[in-house]
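Morning, everyone. I'd like to walk you through one structure today, so have a look at the screen and we'll go from the overall fold down to a few side chains.

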Amino acid sequence: MNPIELLGKYQWSFKTLSNVFGVSELEARRWAFRKEAKTRRNPSATAQILAVVISKHPEVISTIKAFCQEF
């Protein structure tokens, strides 16, 4: 799963997506144009792996949010 697919699956905003994956909101928005604009940067392999984990185990989101609040 591409991280951008999580937007539709969980009704997230780009801000939420950027917070979960630790990237800027602009970078998260660039992911949305991956298919339309070949020059845009694709999500990193780490982001794609994390997206698959979140897709299969939605409870991971609460762990990520708790970790992000500590910093």
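**The fold and its core**

Okay, so what we have here is a chain with five helices and zero strands. Before I go on, please keep in mind that this is a predicted model. Reading along the sequence, you just get α-α-α-α-α.

A few overall numbers. The chain has 71 residues, and 28% of them count as buried. The accessible surface is about 4900 Å², with 56% of that belonging to carbon and sulfur atoms. And if you take contacts between residues at least 6 apart in sequence, 47% of them join residues at least 24 apart.

Now, the inside. Which residues have the most contacts inside the largest nonpolar core? That core has 14 residues, and the ones with the most contacts inside it are Leu6, Trp12, Leu17, Val20, Phe21, Trp31 and Ile54. As for who contributes, helix H1 (5-10), H2, H3, helix H4 (45-56) and H5 each give two or more residues to this core. As a general point, nonpolar side chains in soluble globular proteins tend to be buried together.

Let's zoom in on the aromatics. Searching the whole structure turns up two aromatic pairs. One of them is Phe21 with Trp31, and that pair is edge-to-face, at 5.7 Å centre to centre with 80° between the planes. It connects distant parts of the chain, with Phe21 sitting in helix H2 (residues 14-21) and Trp31 in helix H3 (residues 25-32), ten residues apart.

Are these two buried or exposed? Phe21 has a relative accessible area of 12%, so it counts as buried. Trp31 comes in at 3%, so that one is buried too. Phe21 has other company as well: leaving out residues up to four places away in sequence, it touches Pro3, Leu6, Trp31, Ala47, Leu50, Ala51 and Ile54.

Last stop, Ile61. You'll find Ile61 in helix H5 (residues 60-70). Its relative accessible area is 11%, and because the cut-off for buried is under 20%, Ile61 makes the list. What does Ile61 touch, not counting residues up to four places away in sequence? Those would be Tyr10, Trp12 and Ile54. Also, take a look at Val20: Ile61 and Val20 are 41 residues apart in sequence, and their C-alphas are 7.8 Å apart in space.

So, if you want one residue to click on afterwards, try Ile54, since you've now heard that it touches both Phe21 and Ile61. That's me done, thanks.

Note on methods
Residues are numbered from 1 along each chain as its sequence is written. This is a predicted model: local features need pLDDT of at least 70, side-chain atom pairs count only at pLDDT 80 or more; totals for chains, interfaces and linings use all residues. Side-chain values use heavy atoms; hydrogens and water are left out. Helices (H or I, at least four residues) and strands (E, at least two) are DSSP runs, numbered from the N terminus. Buried means under 20% relative accessible area, exposed over 50%, partly exposed in between (1.4 Å probe, protein chains only). Contact means heavy atoms within 4.5 Å. Accessible areas come from the Shrake-Rupley method with a 1.4 Å probe; for residues, only the protein chains shown count as cover. Rings of Phe, Tyr and Trp (its six-membered ring) pair if their centres lie within 6.5 Å; planes under 30 degrees apart count as stacked, over 60 as edge-to-face and the rest as tilted. A nonpolar core is a set of buried Ala, Val, Leu, Ile, Met, Phe, Trp, Tyr and Cys residues joined through side-chain atoms within 4.5 Å.
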